[in-house]
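This report introduces a protein structure to a reader who has not met it before. It takes up the strands, the interior, the charged pairs and a few individual residues in turn.

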Amino acid sequence: MCSSDLEVEFELRSSAYTLFVPTNDALAMSGWPLGQSVLQANSGQGSQKLLLENHLVEKSMTFSDLVRSGSQKFATKSGIQLQVILSSVNGIPYLLLPDGGRARIQAVDLKMRGGVIHIIDRVIG
C-alpha cells in the first residue's frame with residue numbers, strides 16, 4: 001500500500017471517525033521526521049498505516065462523548081484499547097494507554113469532514 005492509497009482510503013471513508021493527532025513534539029520524540037506528513041515519512045508503508053490505525057477510532061466521538069463514556073474503554077482501528085480519564089486534581093483530560101501511560105488531550109472537537117480530531121501529546125502504540 002502506498003501513501004496515496006492511505007490518503008484515498010482515509011478520505012473516502014463512509015463512516016464517521018475520531019482521530020487522535022499527536023503534536024509535532026510528540027512525533028519528534030517518537031522518531032517521526034518533522035517537516036513531513038506521516039504519509040510522506042520514509043519509515044515504511046506498513047508502519048505508516050499502523051501509526052494511522054493506532055490513532056483512528058471508527059466512530060465520531062466529541063469530547064463530551066469521551067467524557068460521558070467515563071471508565072468505558074474504546075478501541076482504535078488497530079485494536080488498541082483506550083480510556084478517557086480526568087485528573088482528580090485539575091480536571092485535565094487524558095487518554096489512558098494500555099502500557100499505563102497517559103496522553104494529555106490538548107485540543108478537542110476540531111471538526112473535519114466525516115469526523116472529529118483531538119490533539120494529544122503522545123504517539124499511541
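Strands β5 and β6 pair in the antiparallel sense, over three bridges. The model in which they are found is a predicted one.

**The sheet**

The pairing of β5 with β6 belongs to a wider arrangement. Seven strands form an open sheet in the order β2-β1-β7-β6-β5-β4-β3, and the pairing within the sheet is mixed. The edge strands are β2 and β3, each of which pairs on one side only.

Within this sheet, Y94 stands opposite R104 in β6. Y94 also takes part in a contact with another arginine: the charged end of R102 sits over the ring of Y94, 5.4 Å from the ring centre.

Strand β6 also contains D109. The phi angle of D109 is near 55 degrees, a positive value in a residue other than glycine. D109 counts as partly exposed, because its relative accessibility is 29%.

**The nonpolar core and the aromatic pair**

The largest nonpolar core has 14 residues, and those with the most contacts inside it are F20, F74, L82, L95, I120 and I124. Strands β4 (81–86) and β6 (102–112) each supply at least two residues of this core.

Which residues does F20 touch, not counting residues up to four places away in sequence? They are H55, V57, L66, F74, L82, L95, H118, I120 and I124.

One aromatic pair is counted in the model. It is formed by F20 and F74, which are stacked, with 6.2 Å from centre to centre and 20 degrees between the planes. F20 lies in strand β1 and F74 in strand β3 (residues 74–75), so the pair ties together parts that are 54 residues apart in sequence. Both F20 and F74 are buried.

**Salt bridges**

Side chains of opposite charge can pair when their charged atoms come close. The structure holds three salt bridges, and the table gives the N to O distance for each.

| Salt bridge | Distance, N to O |
|---|---|
| E58 and K77 | 3.7 Å |
| R68 and D65 | 2.5 Å |
| R122 and D99 | 2.6 Å |

The side chains of E58 and K77 meet in a salt bridge. E58 lies in the loop between β2 (56–57) and α4 (63–68) and K77 in the loop between β3 and β4, so this pair ties together parts that are 19 residues apart in sequence. E58 counts as partly exposed because its relative accessibility is 43%, and K77 counts as partly exposed because its value is 31%.

The salt bridge between R68 and D65 lies in a helix. R68 and D65 are three residues apart in helix α4, so they are separated by about one helical turn. R68 counts as exposed, at 62% relative accessibility, whereas D65 is partly exposed, with a relative accessible area of 25%.

A further salt bridge joins the side chains of R122 and D99. This pair links distant parts of the chain, 23 residues apart: R122 is in the segment after β7 (115–120), and D99 is in the loop between β5 (93–96) and β6. R122 is partly exposed, with a relative accessible area of 27%, whereas D99 counts as exposed at 56% relative accessibility.

**Contacts around E58 and K77**

Two other residues can be placed by their relation to the salt bridge of E58 and K77. The residue A16 is found in the loop between α1 (3–11) and β1 (17–22). A16 and E58 are 42 residues apart in sequence, and their C-alpha atoms are 6.3 Å apart in space. Leaving aside its neighbours within four places in sequence, A16 is in contact with V57, E58, K59, S60 and G114. A16 counts as partly exposed, at 34% relative accessibility.

On the K77 side, E53 touches T76, K77 and S78, not counting residues up to four places away in sequence. E53 is found in helix α3 (residues 45–54). Is E53 buried or exposed? With a relative accessible area of 16%, E53 is buried, because buried means under 20% relative accessible area.

Definitions and conventions
Residues numbered from 1 in each chain as written. Predicted model: local features only at pLDDT ≥ 70, side-chain atom pairs only at ≥ 80, totals over all residues. Heavy atoms only, no water. Core = buried A, V, L, I, M, F, W, Y, C linked by side-chain atoms within 4.5 Å. Buried < 20%, exposed > 50% of the residue type's maximum accessible area, 1.4 Å probe, protein only. Helix = DSSP H or I, 4+ residues; strand = E, 2+ residues; numbered from the N terminus. Contact = heavy atoms within 4.5 Å. Phe/Tyr/Trp six-rings, centres within 6.5 Å; stacked < 30°, edge-to-face > 60°. Lys NZ or Arg CZ within 6 Å of the ring centre and 35° of its normal. Salt bridge = Lys/Arg side-chain N within 4 Å of Asp/Glu carboxyl O. Pairing = 2+ DSSP bridges.
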